[in-house]
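Welcome! Let us take a walk through this structure together, one stop after another.

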Amino acid sequence: MFTWLKNRWHRTGMTAYLTHPDCLKHDMGAGHPECPERLTAIRDQLMAAQLFDFLQEVDAPEVSREQLARVHAPRYIDYLESCSPEVGSFRLDPDTAMSPGTLLAARRAAGSVVHAVDLVCEGAAPNAFCAVRPPGHHAESARAMGFCFFNNVAVGVAHALAAHKLERVAIADFDVHHGNGTEDIFKDDERVLMVSTFQSPFYPYSGDVPLGANMHNVPLRAGSGGREFRDAVEHEWLPALHAFQPQMIFVSAGFDAHREDDMGSLGLTEADYEWVTRHLVQIADLYCQGRIVSVLEGGYELSALARSVVAHLRVLSDA
């Protein structure tokens, strides 16, 4: 599936694009920013950009309880199952509610990352993007919060470590919000390196003080734009990634740091997302046999979200 040449991995095959209609069934109510239309907007923009010619679409399977239990407490999994309503909604916190379709959507979202890991590690795809919801990086081992129920990326990382026997896995998170759940799960796990940028001070008001030596968090002040973001990546992320030499990279791909997204107050553009993706691909080519699994997190201004995903996928798919 890959051809080795001059210390670089040259990708063959098509980027896997994992999603499922069940992810549209999660609904936290009218006016909620984490809405089903996010996935529809992404699909429409990818079609307009003719990027599906460079992608292989794959249905996201449901995650298994065993796969969830690698990162989530069994009592927490039971709790979410008990809270799933047959009608109406059940509110877990002021921002996070379950509808009748939520639990299945969350199982598909986590399952998509597990399946993406298998596809990439087994050579069926050079890399993968999971266009799924609900997002995951705020979900802690035993707590849902910030629109998140299961920590999709964490479930995938744990699967890569357990099922594919990888020894070093990196996570890059450029969402406008700190990935507190991912940090909570992997703090001080020497097999996992996490690099992140996020607005601070800002929800969930964490990350400024890393919880472990394997966490490289770079808080950005409100009003920061592409220059500050690129400085953080060049001076903090890349040296840490080169030193760690990961065998696989996961991306918590939140696009709510875009300047048009009023969820936060950062000023990134599609060009910044394309730029950081190219750097991550270069790291993956050097150390990971090209293996990247990227997972949708935030991004709530529909046009900006869709354009940013297109920029991200143009690089991953080499379109």
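A good place to begin is P201, found in the loop between strand 9 (192-199) and strand 10 (215-220); helices (H or I, at least four residues) and strands (E, at least two) are DSSP runs, numbered from the N terminus. The peptide bond that leads from S200 into P201 is cis, its omega near 0°. Keep in mind that this is a predicted model, where local features need pLDDT of at least 70 and side-chain atom pairs count only at pLDDT 80 or more, while totals for chains, interfaces and linings use all residues. Residues are numbered from 1 along each chain as its sequence is written, and side-chain values use heavy atoms, leaving out hydrogens and water.

A cis peptide bond also runs from R133 to P134, with omega near 5°. P134 sits in the loop between strand 7 (128-130) and helix 5.

From here, step over to N152, which lies in helix 5 (residues 152-163). Contact means heavy atoms within 4.5 Å, and, leaving aside neighbours within four places in sequence, N152 has P134 among its contacts, along with others including A110 and V295. A polar atom of the N152 side chain lies 3.3 Å from the backbone nitrogen of A110.

Two loop residues are worth a visit as well. Q245, not a glycine, has a positive phi of about 50°, and its place is in the loop between helix 7 (226-244) and strand 11 (248-253). Q289, also a residue other than glycine, has a positive phi near 55°; look for Q289 in the loop between helix 8 (270-287) and strand 12 (292-296).

Technical notes
A polar contact is a pair of N or O atoms within 3.5 Å; within protein, one must be able to donate a hydrogen and the other to accept it, and residues adjacent in sequence count only if both atoms are side-chain atoms.
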